[in-house]
Amino acid sequence: MYLKAITNYTKETIKLSDSNPLKRLVKKDLVIIDSNAKNSTELFNTFSKIAIEKGYVNRKFLPKIIERESNFPTGLALDNYSVAIPHTDADTIEDEFVGVIVSKNGTKFKRMDDPGKEIDAKVEFILGLKQPHAQLEMLQYLMSLIQDEGKIQKLINSNSVNEVIKLLR
């Protein structure tokens, strides 16, 4: 129900050709292709190490994103693929970003609409935003993007970081 509501609102207000916030926020050093993380915690551990090293997040990021995902799952099951859009508190972010992880074999995430079930997310968008309104706008934009099956399939099949960036910008 939540997904349907945000999706309907998004379709009315945002088109993918409109101003693309990913142009500014997708960072090349936070794009991972061929992730082999088995679950969200494993993925967050790997991502956190990179993000801390590059100065995008502080040390509070890892425990807070794990806790938030546990309490408010972000896995979204669509017709032919699944994605996840994890995010956490602004006080863990040093430099805003959107991290993109492609997991060709899928990474286990609990479903947003049914936390008792898991999905194998093939693409994960990790949001690192400082302003609550920016997070809502990004979620709305990503809802439009993830419904573009052709684009998501191209992301899943991408073979390089540059290919992912080109698809999203």
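How many helices and how many strands make up the secondary structure of the protein? In this predicted model, the secondary structure comes to seven helices and five strands, and from the N terminus on these elements follow the order α-α-β-α-α-β-β-β-β-α-α-α. Of the 169 residues of the protein, 48% count as buried, while the exposed surface amounts to about 8,600 Å², of which carbon and sulfur atoms supply 48%. Among the contacts between residues at least 6 apart in sequence, 72% join residues that are at least 24 apart.

The five strands are arranged in an open sheet with mixed pairing, in the order E1-E4-E5-E3-E2. Its edges are formed by strand E1, residues 26-32, and strand E2, residues 75-77, each of which pairs on one side only; from one strand to the next, the twist averages 20°. Strand E1 runs parallel to strand E4, which spans residues 97-110, and three bridges join the two; Val 31, for instance, has Val 100 in E4 as its bridge partner.

Two of the helices can be described by the way in which they lie against this sheet. Helix H5, comprising residues 132-146, lies across E2, E3 (82-84), E4 and E5 (118-128), and runs at about 140° to E5. Helix H7, comprising residues 161-168, also packs on the sheet, where it touches E1, E4 and E5, and its direction makes about 130° with that of E1.

Aromatic side chains offer a further view of how separate elements meet. The count of aromatic pairs comes to five. In one of them, the rings of Phe 47 and Phe 61 have centres 6.2 Å apart and planes at 45°, so the pair is classed as tilted, an angle of under 30 degrees being required for stacked and over 60 for edge-to-face. Because Phe 47 belongs to helix H3 (residues 40-53) and Phe 61 to helix H4 (residues 61-71), this pair ties together parts that are 14 residues apart in sequence. Phe 61 also forms an aromatic pair with Phe 97, and here the arrangement is edge-to-face, with 6.5 Å from centre to centre and 65° between the planes. This second pair links distant parts of the chain, as Phe 61 lies in helix H4 and Phe 97 in strand E4, 36 residues apart. Phe 47 and Phe 61 are buried, and Phe 97 is buried as well. Together with Tyr 56, the residues Phe 47, Phe 61 and Phe 97 form one aromatic cluster.

Technical notes. Residues numbered from 1 in each chain as written. Predicted model: local features only at pLDDT ≥ 70, side-chain atom pairs only at ≥ 80, totals over all residues. Heavy atoms only, no water. Pairing = 2+ DSSP bridges. Helix = DSSP H or I, 4+ residues; strand = E, 2+ residues; numbered from the N terminus. Axes fitted to C-alpha atoms, helices over the stretch in contact; angles between N-to-C directions. Contact = heavy atoms within 4.5 Å. Buried < 20%, exposed > 50% of the residue type's maximum accessible area, 1.4 Å probe, protein only. Areas by Shrake-Rupley, 256 points an atom, 1.4 Å probe, with all protein chains shown as cover. Phe/Tyr/Trp six-rings, centres within 6.5 Å; stacked < 30°, edge-to-face > 60°.
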